Structure formats: structure tokens, C-alpha cells
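I sat down with this model to look up a few places and note what I found. These are my entries, in the order I made them.

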Amino acid sequence: MGRTVVVGVTVSVAVTACAVAALVVGERVRGRKKWKKVMNVLRELEEGCDTRVERLKQVVDAMAVEMHAGLASEGGSKLKMLLTFVDNLPSGTERGTYYALHLGGTNFRVLRVHLDGQRSSISEHEVERQPIPPHLMTSTSEELFDFIASSLKEFIAKEGDGSKPDRRELGFTFSFPVKQMSVSSGILIKWTKGFSIVNMVGRDVAACLQDALTRKGIDVRVAALVNDTVGTLALGHYRDADTVAAIIIGTGTNACYLERIDSIIKCQGLLTASGRMVVNMEWGNFWSSHLPRTVYDIDLDAESPNPNDQGFEKMISGMYLGDIVRRVILRMSLDSDLFGPISPKLSVPFILRTPLMAVMHEDDSPDLREVARILKDIFEIQDIPLKARKIVVKVCDVVTRRAARLAAAGIVGILKKIGRDGSGGITGGRSRSDMKMKRTVVAIEGGLYSSYALFREYLHEALGEILGEDIAKHVILKVTEDGSGIGTALLAASYSS
């Protein structure tokens with residue numbers, strides 16, 4: 001009897017142990033399957049974002065071809081290649097006091113810049129910011145510009161050095177779509193950023209400002225109307241005469257460069273004293289079949305307010321990188337429970353801003369505590385295991401690396417178009433290292449480049465791979481801050497009466 005009981009207990013324990021073992025094995029199998037699904041998503045992302053140097057060189061060639069097409073005819077390319085009529089960049093000999101006004105959104109800035117005739121030296125500058133009252137964003141052009149003119153009048157009244165020039169010169173940065181008519185005039189195409197002043201569309205924005213200045217009794221001439229990219233080039237050229245292009249890589253992205261006037265076929269007969277003109281590429285709209293596009297890019301584009309527009313910008317600028325990462329994390333969450341129950345916050349577009357994505361990417365703590373904090377604060381995802389945090393960092397890395405390397409390819413595309421990539425005129429078996437390369441400076445503005453170390457590192461790495469180190473060492477990228485302010489004041493000096 002006792003032996004029977006012992007055998008029964010032994011069998012029962014064995015059955016229980018087998019059941020527990022089966023549960024453990026089952027959990028491990030399910031865990032491996034879920035992990036495999038996550039890794040499949042990551043592998044697909046890496047393959048979709050492939051930017052091997054061969055592909056980047058195809059993007060370079062496509063950029064140069066589209067630039068040619070955009071210069072040949074209006075509408076000939078996705079690149080607008082807009083004429084700026086700026087042919088006289090600051091030389092460093094400018095002297096005097098000049099003003100700049102930057103209207104770029106719900107705020108505007110006024111600046112005063114003092115120049116002493118020394119290249120790369122700006123003796124002094126002052127800045128004031130003013131919010132635009134919301135009602136003026138939808139009122140009339142007269143009310144808006146009268147408000148701006150009054151603010152400028154108060155700013156000018158604070159001149160403290162006792163000098164009162166007979167006539168002041170102003171550069172106007174107007175960050176809305178404009179068709180430039182001359183260096184100091186341009187027609188507003190449409191409003192963006194919450195503005196909707198109907199009676200201004202189709203009118204010369206510089207003339208609207210000039211009329212308001214006259215009404216307020218301010219003796220100031222609008223000497224230059226520019227966008228912020230052109231201002232960045234002006235400031236870069238003022239500091240370094242070898243500057244031939246300017247790139248903005250921040251929330252949005254754009255580029256401009258100095259082009260020979262005889263290469264601008266769509267304006268045959270137009271002459272400039274320098275034989276050159278700054279061309280505003282509007283390169284955010286660049287597109288090529290060689291760009292590595294993923295399902296996340298396709299979905300983001302389809303759900304955006306401007307589908308089939310700004311394709312390049314949506315792959316490389318700060319406005320979009322964080323949201324691409326969010327979409328990948330959401331897909332991983334749907335395919336597995338690696339991040340626990342699916343958080344509704346993962347479905348909110350643009351909830352993950354790129355600066356926070358950069359913090360996760362650059363988290364070097366052993367337990368990736370910043371990654372855990374941001375996932376908790378933004379997505380309300382709790383208790384994320386370390387291996388899941390590592391996956392998030394990897395996703396950030398893949399998305400950022402692609403963006404930076406594509407930006408590098410765009411820069412080389414510009415250099416190729418103007419013969420500064422080391423490939424021009426090579427005959428008879430001469431190697432690129434045998435060529436005499438000109439020192440070439442590209443001015444860069446924008447937080448994505450200046451504040452995001454890994455983005456900057458990947459961009460520089462790609463430049464070296466595409467150009468080759470012998471050529472790349474002649475290409476200098478210089479951080480240039482406040483082209484939309486100081487750079488525009490310098491253009492006012494260049495075009496002063």
C-alpha cells in the first residue's frame with residue numbers, strides 16, 4: 001500500500017515536472033518566434049535603407065541630371081532651380097550699418113549689423129524678436145506690414161552710436177513661396193504656416209513692405225529679398241571666399257549654389273556683371289528611383305498634407321526622421337509583444353520629435369536609461385527590457401545613417417554639376433589624385449547637422465566614400481549660423497545704393 005502511494009506520488013511529480021518543462025519550452029519557443037519577427041522587421045528596414053556607395057553615386061548622378069533639367073526649362077525637373085538674381089555676394093569690404101528683417105512664421109526678427117570692412121569680421125550685431133499677433137495672420141497685407149514697420153521703427157530708434165545715416169538699407173528674408181522678379185522683388189505664390197492674407201497672393205512682398213515703411217515715415221530701402229538658404233550662402237561667402245554652396249539641414253532642408261549664368265538655359269539673354277548667379281534649388285523636392293524608399297516612407301508620404309511632394313526632404317530632414325522611427329516601432333509592436341501591450345500613443349503621428357530620437361540614438365549609458373525614459377514619457381511604454389531598448393537604438397541608427405548619407409550624396413551632386421567633385425576633365429588615364437583640386441567650401445546651417453553628432457559623422461563618412469579621400473580633403477563643410485539674419489543684412493550691404 002505504502003509503495004503504491006510512493007509510486008503514485010512519483011508519477012504525479014514526474015507528470016507535473018513534464019508539464020512545467022513543456023510550459024517553459026513553449027514559452028521559449030514563442031519568445032524565439034516573437035524575437036524572430038522583430039529581427040525580420042529590422043532586417044527588412046536595413047535592406048530598404050541600403051546606402052552602399054554604389055547607390056549613393058547613382059543618387060549623385062541623378063541629382064546632377066535633374067539640376068541640368070531644371071536649369072534648361074521651367075517645369076523641366078522636380079528641382080525648381082529658382083533664379084534669385086543674386087550675383088553679387090558679400091566680398092568682405094562692406095562698411096556701415098545694415099538691417100535685416102526675417103519673417104518666417106508666427107514670429108519675426110529684426111537685426112542691425114555693423115560692418116567694418118574686414119572679411120570674416122562683423123564688429124557688432126543686435127537682434128530683437130517679435131511675435132505676430134494671431135489676428136494679423138489672416139487680416140490684410142497693410143495691417144500686417146504696418147505692424148512690422150512700426151516694430152522696425154522702434155528698433156531703429158534704439159541706435160546708440162549717434163550716427164544717423166541719410167538712408168538705411170534692409171535685407172528681407174521672407175520664408176514663404178515666392179517667384180523672384182529681381183534681387184529686391186518677388187511675387188507671393190501662396191501662404192503657408194498658418195497665414196492666409198488673401199489680398200497679398202500675387203503681389204510683390206518687398207513692395208508691400210516698402211509701402212508700409214513709407215507710410216510710417218521710415219527712410220529705409222528694401223535692398224534685397226531672399227530666402228534663408230541664400231542668406232546662409234552670403235554669410236558663408238563673406239567669411240570664406242571659397243564658399244560655393246549652402247545647405248540647410250534642420251526641420252526642413254534646402255540648398256543653393258553659385259552657377260555660371262551661361263548654364264542657366266531658361267533665362268537666355270540675362271546678363272550679370274559677375275557672370276554668375278545664385279540658384280535656389282528647392283532640393284527637398286528632388287526625387288529619383290535610386291533613392292532607397294521603404295514602406296514606412298510610402299505610408300508617411302501618403303498620410304502627409306503634401307503627398308508625392310518633397311520626397312527628398314521626407315527622407316533626410318528633422319521634420320520626418322522621428323516619425324519614421326515611430327512607424328517602425330509600431331510595426332514591431334504589432335508583430336510581437338517585445339514592448340508589452342500596444343500603446344495607443346504609438347499611433348499618434350509626429351509624437352516622437354527628431355531631437356528626442358537623437359537623444360535615444362546617442363544614449364551611451366550601459367542600461368540605455370535615456371531610451372527607457374523617452375519610450376515611457378512619449379509612448380507610455382513601461383518596463384522595456386534592455387534588448388528591446390537596443391533594438392530601438394538600432395532603428396534610430398538605420399534611419400539616421402540613411403538620411404545623412406543621402407544628404408552627402410546631394411551635396412556631391414551639386415559639386416559634380418559645377419565641376420568640383422574631381423571628375424571633370426579626366427582624360428588619358430589621369431587619376432583623380434593627379435588633378436589640381438580647388439578648395440571648395442559648403443556652408444551648412446540647421447540643427448540636424450550642427451547638434452546631432454552621429455548624423456554629422458555619417459555625412460562626413462559618406463562624403464569620403466563617394467569622393468575618395470584625396471578629393472574629399474579639399475571639400476570643407478562649415479557650420480554657418482543665422483544666414484537668415486546676418487547673411488541677409490550682408491546682402492543688403494552688397495546691394496546698397
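I take a helix to be a DSSP run of H or I with at least four residues, numbered from the N terminus. The model is a predicted one.

**Entry: Glu-370.** I looked up where Glu-370 sits, and I found it in helix 10, residues 369-379. Is Glu-370 buried or exposed? Neither: I read 27% relative accessibility, and Glu-370 counts as partly exposed because that value falls between the cut-offs of 20% and 50%. Beyond its neighbours within four places in sequence, Glu-370 contacts Val-359, Asp-363 and Ser-365. I checked Val-359 further. Its C-alpha atom is 7.2 Å from that of Glu-370, with the two residues eleven apart along the chain. I also noted a polar contact of 2.8 Å between the side chains of Glu-370 and Arg-373.

**Entry: Arg-326.** I went to helix 8, residues 318-335, which holds Arg-326. Its relative accessible area is 3%, so Arg-326 is buried. Which residues does Arg-326 contact, leaving aside its neighbours within four places in sequence? I listed Leu-346, Ser-347, Val-348, Pro-349, Phe-350, Ile-351, Leu-352 and Phe-379.

**Entry: helix 4.** I asked which residues of helix 4 are buried. They are Val-205, Ala-206, Cys-208, Leu-209, Ala-212 and Leu-213. They lie on the same side of helix 4, because they cover an arc of only 160° around the axis. I then traced what they pack against: strand 2 (95-103), helix 3 (141-156), strand 5, strand 7 and strand 8 (220-226). At the N-terminal end of helix 4 I found Asp-204 as the cap, with a side-chain oxygen 3.0 Å from the backbone nitrogen of Ala-206. Just after helix 4, Gly-217 has a positive phi of about 70°.

**Entry: aromatic rings.** I counted aromatic pairs and got 13. One of them is Phe-174 with Phe-176, a tilted pair with 4.9 Å between centres and 50° between planes. Phe-174 and Phe-176 are both buried. Phe-176 also pairs with Phe-195: the centres are 5.3 Å apart and the planes stand at 70°, so this pair is edge-to-face. What does this pair tie together? Phe-176 is in the loop between strand 5 (168-174) and strand 6 (178-182), while Phe-195 is in the loop between strand 7 (185-188) and helix 4 (205-215), so the pair ties together parts 19 residues apart in sequence. I read a relative accessible area of 6% for Phe-176, which is buried. Phe-195 is buried at 5% relative accessibility. I followed the rings outward and wrote down one aromatic cluster: Phe-145, Phe-172, Phe-174, Phe-176, Trp-191 and Phe-195.

**Entry: charges over rings.** I looked for these next. Arg-112 lies over the face of Phe-155, 4.5 Å from the ring centre. I also found the charged end of Lys-387 over the ring of Trp-35, 4.5 Å from its centre.

**Entry: the sheet.** I traced an open sheet of six strands with mixed pairing, in the order 1-11-10-9-12-13. Which are the edge strands? They are strand 1 (82-83) and strand 13 (475-479), each pairing on one side only. I then checked strand 10 (residues 253-260) against strand 11 (residues 276-280): they run antiparallel, joined by five bridges. Arg-260 has Arg-276 of strand 11 as its bridge partner.

Definitions and conventions:
Residues numbered from 1 in each chain as written. Predicted model: local features only at pLDDT ≥ 70, side-chain atom pairs only at ≥ 80, totals over all residues. Heavy atoms only, no water. Helix = DSSP H or I, 4+ residues; strand = E, 2+ residues; numbered from the N terminus. Buried < 20%, exposed > 50% of the residue type's maximum accessible area, 1.4 Å probe, protein only. Contact = heavy atoms within 4.5 Å. Pairing = 2+ DSSP bridges. Polar contact = N/O pair within 3.5 Å; in protein donor to acceptor, adjacent residues only side chain to side chain. Phe/Tyr/Trp six-rings, centres within 6.5 Å; stacked < 30°, edge-to-face > 60°. Lys NZ or Arg CZ within 6 Å of the ring centre and 35° of its normal. Arc of directions from axis to C-beta.
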